[in-house]
Amino acid sequence: GVAEAGFDGAHLVRAVVVDDLRALNAAARADGVHLAVQSGYRSEAYQARVHEGWRAALGAERAALVSARPGHSEHQLGSTADLSTTRERRRAVRNTDPVHTWLVENAPRFGWRQTYLADNTEQTGYIEEPWHWRYMGIPKTDG
């Protein structure tokens with residue numbers, strides 16, 4: 001889980017991401033950036049409850065832009081984390097936050113990518129989510 005990577009909480013992630021999530025967390029802290037994991041692995045049943053909550057709050061059309069249907073969430077992979085900042089009561093990272101700037105500049109070094117961007121909404125079907133980061137692995141380099 002995320003505790004193995006130095007985060008508070010009991011959120012689950014796949015074992016394969018723990019080392020690089022730990023390295024990301026250590027690098028962030030070394031730069032004075034404080035991160036928390038707000039959400040990790042979600043089962044299909046849990047995602048169904050999350051999605052239904054958004055449907056009740058926003059209606060089906062808007063909910064489809066902000067919440068994956070059960071069975072379609074990257075969280076179900078176990079290699080996705082919703083990040084928040086610990087300084088502001090675990091508020092989700094926003095694209096205007098210095099924390100987001102740090103993540104954009106540094107997270108890819110540790111294999112993490114923001115998958116829902118403002119300029120790919122048409123392809124993904126979801127609004128920009130600056131807090132949503134998926135582990136894609138560190139590219140291998142020759143040499």
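Reader: Leaving aside its neighbours within four places in sequence, which residues is Thr86 in contact with?
Author: Heads-up that this is a predicted model, where local features need pLDDT of at least 70, side-chain atom pairs count only at pLDDT 80 or more, and totals for chains, interfaces and linings use all residues. Residues are numbered from 1 along each chain as its sequence is written, and side-chain values use heavy atoms, with hydrogens and water left out. Thr86 itself lies in the loop between β2 and β3 (91-92); helices (H or I, at least four residues) and strands (E, at least two) are DSSP runs, numbered from the N terminus. Taking contact as heavy atoms within 4.5 Å, and skipping those neighbours, Thr86 touches His34, Leu35 and Ala36.

Reader: How many Å separate Thr86 and Ala36, C-alpha to C-alpha?
Author: Along the chain, these two are 50 residues apart. In space, the gap between the C-alpha atoms of Thr86 and Ala36 is 5.8 Å.

Reader: Is Thr86 buried, partly exposed or exposed?
Author: The scale is relative accessible area (1.4 Å probe, protein chains only): buried is under 20%, exposed is over 50%, and partly exposed is in between. Thr86 comes out at 31% relative accessibility, so the label is partly exposed.

Reader: How many residues of β2 are buried?
Author: Strand β2 takes in residues 80-85 and is mostly covered. On one side Thr80, Asp82 and Ser84 are buried, and on the other side so are Ala81, Leu83 and Thr85. Both faces are covered, and the count for β2 is 6 of 6.

Reader: How many bridges join β1 to β2?
Author: Two strands pair if DSSP finds at least two bridges between them. Here Val37 stands opposite Leu83 in β2, and Ser39 has Asp82 as its bridge partner. β1 and β2 run antiparallel, and the number of bridges joining them is 4.

Reader: Which residue in β5 stands opposite Thr80?
Author: β2 is joined to strand β5 (residues 132-135) by 3 bridges, and the two run antiparallel. β5 also pairs with β4 in the antiparallel sense, over 3 bridges. From β4's pairing, Arg113 stands opposite Arg134. Across from Thr80 in β5 is Arg134.

Reader: How far apart are the end C-alpha atoms of helix α1?
Author: The expected span of a helix is 1.5 Å times one less than its number of residues. Helix α1 (residues 15-30) has 16 residues and should therefore span 22 Å. The model agrees, with the end C-alpha atoms of α1 apart by 23 Å.

Reader: Which elements are included in what covers the buried residues of α1?
Author: The buried residues of α1 are Val17, Val18, Asp20, Leu21, Leu24, Asn25, Ala27 and Ala28. What covers these buried residues includes β1, α4 (98-106), β4 (112-114) and β5.

Reader: Which residue with a positive phi follows α2?
Author: α2 has 15 residues and reaches 21 Å from its first C-alpha to its last, close to the 21 Å expected. After α1 comes Gly32, with a positive phi near 80°. After α2, the residue with a positive phi, near 90°, is Gly59.

Reader: Which element gives the most to the lining of the largest pocket?
Author: On a 1 Å grid over the protein atoms alone, a pocket is an open set of points where a 1.4 Å probe fits, with protein on both sides within 12 Å along at least five of seven lines, and lining residues have an atom within 4 Å of a point. This one is lined by 22 residues, with Arg42, Val66, Asp82, Glu129 and Trp131 nearest its centre. The elements giving two or more residues to that lining are β1 (35-39), α2 (44-58) and α3 (60-66). With 4 residues, the top contributor is α2.

Reader: What is the relative accessibility of Arg109?
Author: Arg109 lies in the loop between α4 and β4. Not counting residues up to four places away in sequence, Arg109 touches Ala27 and Ile138. The C-alpha atoms of Arg109 and Pro139 are separated by 8.8 Å, though the two are 30 residues apart along the chain. Arg109 counts as partly exposed because its relative accessibility is 49%.

Reader: Is Asp8 buried or exposed?
Author: Asp8 sits in the segment before α1. Its C-alpha is 9.7 Å from that of Gln38, 30 residues away along the chain. At 58% relative accessibility, Asp8 counts as exposed.
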